[in-house]
Amino acid sequence: MKALLHNLDSYCTSRTRYSRRKTIPVQVGPVTIGGDNPIVIQSMTTVDTMDTGGSIEQCIRMIESGCELIRITAPSMKEAENLAAIKEGLRQRGYQTPLVADIHFTPNAAEIAAKIVEKVRINPGNYADKKKFELITYTDESYQEELDRIRERFLPLVRICKEHGTAMRIGTNHGSLSDRIMSRYGDTPLGMVESALEFLRICEEENFHQIVISMKSSNTQVMVQAYRLLVQKLEEGGFQPYPLHLGVTEAGDGEDGRIKSAVGIGTLLEDGLGDTVRVSLTEDPEFEAPVAQALVARYAGRAEHAPIAAPAAYPYDPFSYKKRETVEVANFGGANVPRVIVDMSRLGDLSPKEMKAVGHFYLPELDKWKMNDLGSDYIYTGEQPIPFMLPNGMKQIQSWETWKQNADRKNSFPAFKAAEWLAQSELHPELNFVEVDTEELAELLPALRERKDVVLLLETKNSHAMPALRAALATLMVEGIQVPVVPSLNYGDQSADKTMLYAATDVGGLLIDGLGEGVLLRMAAKSAQPREQLLDMVKLHNSVSFGVLQAARTRMTKTEYISCPSCGRTLFDLQETTAMIRKRTDHLKGVKIGIMGCIVNGPGEMADADYGYVGSGKGKITLYKGQEVIKRSVPSERAVDELIEIIRQDNKWIEPEFNPEQA
Ligand code: SF4
């Protein structure tokens, strides 16, 4: 089996040629994960597992929406037993979709479920351990004793799975690593990988290989690094190439949840990693499969992409985050956050009021501009210069032909085609944009050396877009060229949903590796379109650009909600509660709030949230600052006020002053 991976390029088969990582096939009832099989779409129910009828109805809605595998929580033996009734009910209704039991803390529930359903998911962080948040110093001997203890606890399940042909997922979560792993490795990608390998070794010793592995986190950088490291460690350790289950935990809802999922999952899919996908949103589970399908469908036919010239090296570490070193050009590169450029070139004759689409609000009665958290940094107007004074802090980019005839060349900057710029005509003294395709970059390299007045708008015609852009950026690094680069992407007339997912994958995939000093989503050159539609597209591009920067953790402009997708354990309506908390706190830029349905897994899974709102009983909420409990069992009617009070006492609260949306 090792021969399958002989071409391994660090963590995937190739970083320039699309091909899926070869994995062993794992049989889950009638569905096969891995091997040469299509990527499997899966999701998880949210109804109480003891509600047999409700669970069956929800499973059917999920199957109808595209779910090929359904996970159901089994927190104790009685829920594990009830999986038989749910399975039976589904089969009677003619649905053969395999079921997966989700297990935390309860080996006895796992052992029952493994005899009933087609697959069992265990969390190696809590299968044989209760988390006490203790830092323990282990000697090699005492660590081995711990492993022996796990082995004893875990072996019965492995043997049941083998006997019943039940598959298993070893599903590591960044937020719920065992005290043992935390003590030795910290909450690092390496700790996540080792957490799975401890259990995997036991399976392999028992000659049990029907295993899928996941490395989930709500932090997209950690998640991507952990999956990559897992692939490398499996190869190095001589393990079988097990299929990967991809997912970002607690991604949230709406646009933010979709973007965050796409940044993590899409980045890995681009490199051919992933055999089954679950998108987790704080929404009804039937909304998850279509998002996963849209992410996965992009790779049908991807292998036919035009060749990408491989750079001499990829001079960055794909297992840890570091920004590419760049020179500072105006407010691009150097220590600056990545910038958002919004293309408004197809709108012509813009009015001040229409700048609302890019987060800038003109208040005529005060003759002033205000900006919300998503105020774009630059707009690209092409041949259609803006006829009014732009707000402070916002600049305009025009085509070079237009710019050179412009009276005000201070607050506007030229965008050259590569050939125009090479002709070295009139330049702006500070900041010049050069639009260049990845195929043309080689010609430009000598002229780019030592430049401190250029930002590249890098685009590609290659359908394997992210890797083509990444290879070009790696070439710049190899050549020692430090000009800032803004990836420029055009999704033509794709729907809003696809534009969001594709941009999150392509731009997010670069940002995760520290590449890219901004985002530019181009407007498709199409025939006449109603102005309202064009403005909607501009608005979408603006919010998606900020969303991707935040999801890749490179520029925080909004409050971040790490809300769990809910499951049978959930103690309150997560969607409603998330919306309520969002309404009161969404002006707290950069603050991370965890909203978790239960106290069993919630505190662990909200990972690096600054504050936590966790269901701890019917109508009762426990509030956290980081991992520390601040108030227990607060009645839910008062819990949001109390949460705000905790934020206030922590000096992180600011009063919401102005709501530009109502301006
Ligand atoms: S944190 Fe949410 S999704 Fe996770 S077990 Fe608890 S209720 Fe279920």
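Select A465, M466, P467, A468, L469, R470, A471, A472, L473, A474 and L476: these are the buried residues of helix α13, where buried means under 20% relative accessible area, exposed over 50% and partly exposed in between, with a 1.4 Å probe and protein chains only. Helices (H or I, at least four residues) and strands (E, at least two) are DSSP runs, numbered from the N terminus.

The model on the screen is predicted, so local features need pLDDT of at least 70 and side-chain atom pairs count only at pLDDT 80 or more, while totals for chains, interfaces and linings use all residues. Residues are numbered from 1 along each chain as its sequence is written, and side-chain values use heavy atoms, with hydrogens and water left out.

**Stop 1: helix α13**

Extend the selection to residues 465-478, the whole of α13. Because 11 of its 14 residues are buried, α13 is largely enclosed by the rest of the structure. What covers these buried residues? The cover includes α7 (220-236), α8, α12 (441-448), β18 (454-459), β19 (485-489) and α14 (496-511); contact here means heavy atoms within 4.5 Å.

The length of the helix can be checked in the viewer. At 1.5 Å a residue, α13 should span 20 Å, and its end C-alpha atoms are indeed 20 Å apart. The expected span is 1.5 Å times one less than the number of residues. After α13 comes G480, with a positive phi near 75 degrees.

**Stop 2: the second largest pocket**

Next, select T460, K461, L489, N490 and Y491, which are the closest to the centre of the second largest pocket among the 19 residues that line it. This pocket holds about 470 Å³ of space. On a 1 Å grid over the protein atoms alone, a pocket is an open set of points with protein on both sides within 12 Å along at least five of seven lines, whereas a cavity is a set of points where a 1.4 Å probe fits but cannot get out; lining residues have an atom within 4 Å of a point. Grid points are joined across faces, edges and corners, and a volume is the space filled by probe spheres set on the points.

Two elements, β19 and α14, give two or more residues to the lining of this pocket. Its lining divides into 6 nonpolar, 6 polar and 7 charged residues. Ala, Val, Leu, Ile, Met, Phe, Trp, Tyr, Cys and Pro count as nonpolar, Asp, Glu, Lys and Arg as charged, and the others, Gly among them, as polar.

**Stop 3: the largest cavity and E250**

The structure holds 3 cavities of 30 Å³ or more. For the largest, select M44, H104, E250, P565 and E605, which lie nearest its centre among 25 lining residues. Its volume is about 320 Å³. β4 (69-73), β7 (167-173) and α17 (602-605) each supply at least two residues of this lining, which comprises 6 nonpolar, 10 polar and 9 charged residues.

Keep E250 selected. Is E250 buried or exposed? At 2% relative accessibility, E250 counts as buried. E250 is found in the loop between β9 (245-246) and α8, and its phi is positive, near 45 degrees. Most residues other than glycine have a negative phi.

**Stop 4: the second largest cavity**

The second largest cavity contains about 160 Å³ of space. Select D256, K260, Q550, E560 and Y561, the closest to its centre of the 15 residues that line it. The elements giving two or more residues to this lining are α8 (254-270), α15 (531-551) and β21 (560-563). The lining has 4 nonpolar, 5 polar and 6 charged residues.

In the loop between α15 and β21, select R553. Its phi is also positive, near 65 degrees.

**Stop 5: L390 and T402**

Move to L390, in the loop between β14 (378-382) and β15 (395-399). L390 counts as buried at 16% relative accessibility. Leaving aside residues up to four places away in sequence, L390 touches M355, W369, I379, K395 and Q396. L390 and W369 are 21 residues apart in sequence and 8.7 Å apart in space, C-alpha to C-alpha.

Then select T402, in helix α10 (residues 400-404). T402 is buried, with a relative accessible area of 14%.

**Last view: the whole chain**

Finally, display the entire protein chain, with its 18 helices and 25 strands. Buried residues make up 62% of its 663 residues. Its C-alpha trace spans about 80 × 60 × 55 Å along the principal axes.
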